[in-house]
Amino acid sequence: MTHPRDATPAQGGRALSHVRPDGSAHMVDVSAKAETSREATAQAVLTTRPDVVPLIASGALPKGDALAVARIAGIMGAKKTPELVPLCHPLPLAKATVDFEPDAAAGTVRILATVKTRGVTGVEMEALTAATVAALALYDMVKAVDPHAVIGDVLVLAKSGGKSGDWALAPHAPAAATTTTTPGAP
């Protein structure tokens, strides 16, 4: 099956849930939805010079342990998502983790954020916010040695729970890759 973003209303996709017929934005009413365990994993990638990645990984940057700072920033970002994204519902987060995959040869640090809750709506926005805020903190820590570092490849890698089912991007696939889905999974 394909990723939900590839569906159009004519193909069984849905109209925009946050927009009323008159075009005004509103917060979606989720009060009738079933409470289920929900989890999402997102990524962001910081690209820098190859010689900077070992400094990041070893905590040897002039500002100190960049990964520790970025991890805490990402977790804080997940918790603050409804304050940053206007139409997000505040959720009781049960889990928020931020992990890193430094690759000196490629000059990248892949940031993986996973967020979990038991609730009536998903945590994709919280996972995206965690990954992005961690990337921003990481950039802040490396800018003294590489002001040209780039943040990119921000995307949801997988989600589970809820009426729309579970899906995940194929491993190491680009954002437009085919996904595995399980429609209607709890």
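In what order do the elements of the chain run from the N terminus on? They go β-α-α-β-β-α-β-β-β. Everything below describes a predicted model, in which local features need pLDDT of at least 70, side-chain atom pairs count only at pLDDT 80 or more, and totals for chains, interfaces and linings use all residues. Residues are numbered from 1 along each chain as its sequence is written, and side-chain values use heavy atoms, with hydrogens and water left out.

**View 1. The whole chain has three helices and six strands.** Helices (H or I, at least four residues) and strands (E, at least two) are DSSP runs, numbered from the N terminus. Of the 186 residues in the chain, 37% are buried; buried means under 20% relative accessible area, exposed means over 50%, and partly exposed is in between (1.4 Å probe, protein chains only). Take contacts (heavy atoms within 4.5 Å) between residues at least 6 apart in sequence: 66% of them join residues at least 24 apart. The chain exposes about 10000 Å², with carbon and sulfur atoms supplying 60% of it; accessible areas come from the Shrake-Rupley method with a 1.4 Å probe, and for residues only the protein chains shown count as cover.

**View 2. Confidence varies along the chain, with pLDDT below 50 over residues 7-11.** pLDDT is the predictor's confidence in each residue, from 0 to 100. The chain averages 86, and 83% of the residues score at least 70. Beyond near neighbours in sequence, the stretch 7-11 has four contacts in the model. Residues 175-186 also stay under 50, and for them the model has 38 contacts beyond four places in sequence.

**View 3. Here is the largest nonpolar core, with 38 residues.** A nonpolar core is a set of buried Ala, Val, Leu, Ile, Met, Phe, Trp, Tyr and Cys residues joined through side-chain atoms within 4.5 Å. The residues with the most contacts inside this one are Ile56, Leu61, Val98, Phe100, Ile111, Leu138 and Val142. Elements giving two or more residues to the core include strand S1 (36-47), helix H1 (52-58), helix H2 (66-84) and strand S2 (93-103). Strand S3 (108-119), helix H3 (124-142), strand S4 (150-160) and strand S5 (166-169) are also among them. H3 gives the most, with 10 residues. In soluble globular proteins, nonpolar side chains tend to be buried together.

**View 4. Now zoom in on Ile111, one of the residues with the most contacts inside the core.** Which residues does Ile111 contact, leaving aside its neighbours within four places in sequence? They are Ala42, Gln43, Ala44, Val98, Asp99, Phe100, Ala131, Ala134, Ala135 and Leu138.

**View 5. Thr129 sits in helix H3.** At 10% relative accessibility, Thr129 counts as buried. Setting aside neighbours within four places in sequence, Thr129 is in contact with Gly77, Ala78, Thr81, Leu84 and Val85.

**View 6. Asp140 and Lys63 join their side chains in a salt bridge.** A salt bridge is a side-chain nitrogen of Lys or Arg within 4 Å of a carboxyl oxygen of Asp or Glu, and by this rule the count comes to seven. For Asp140 and Lys63 the N to O distance is 3.2 Å. Asp140 lies in helix H3 and Lys63 in the loop between H1 and H2, so the pair ties together parts that are 77 residues apart in sequence. Asp140 is partly exposed at 33%, and Lys63 is partly exposed at 44%. Lys63, Asp140 and Lys143 are linked in a network of salt bridges.

**View 7. Two further salt bridges are shown here, one of them between Arg49 and Asp51.** The Arg49 and Asp51 side chains meet at 3.0 Å, N to O. Arg49 is partly exposed, with a relative accessible area of 35%, and so is Asp51, at 44%. Glu101 pairs with Arg110, their closest N and O atoms being 3.2 Å apart. Glu101 is partly exposed, at 36%.

**View 8. Out on the surface, Leu136, Ile151 and Val154 make a nonpolar patch of about 230 Å².** Patches are made of residues with over 30% relative accessible area and no salt bridge: like charges are joined within 9 Å, nonpolar side chains (Val, Leu, Ile, Met, Phe, Trp, Tyr) within 5 Å. Ile151 lies in strand S4 and is partly exposed, with a relative accessible area of 32%.

**View 9. Ala34 is found in the segment before S1.** Ala34 is exposed, at 53% relative accessible area. Ala34 and Gly119 are 85 residues apart along the chain, and their C-alpha atoms are separated by 7.7 Å. Not counting residues up to four places away in sequence, Ala34 touches Gly119 and Val120.
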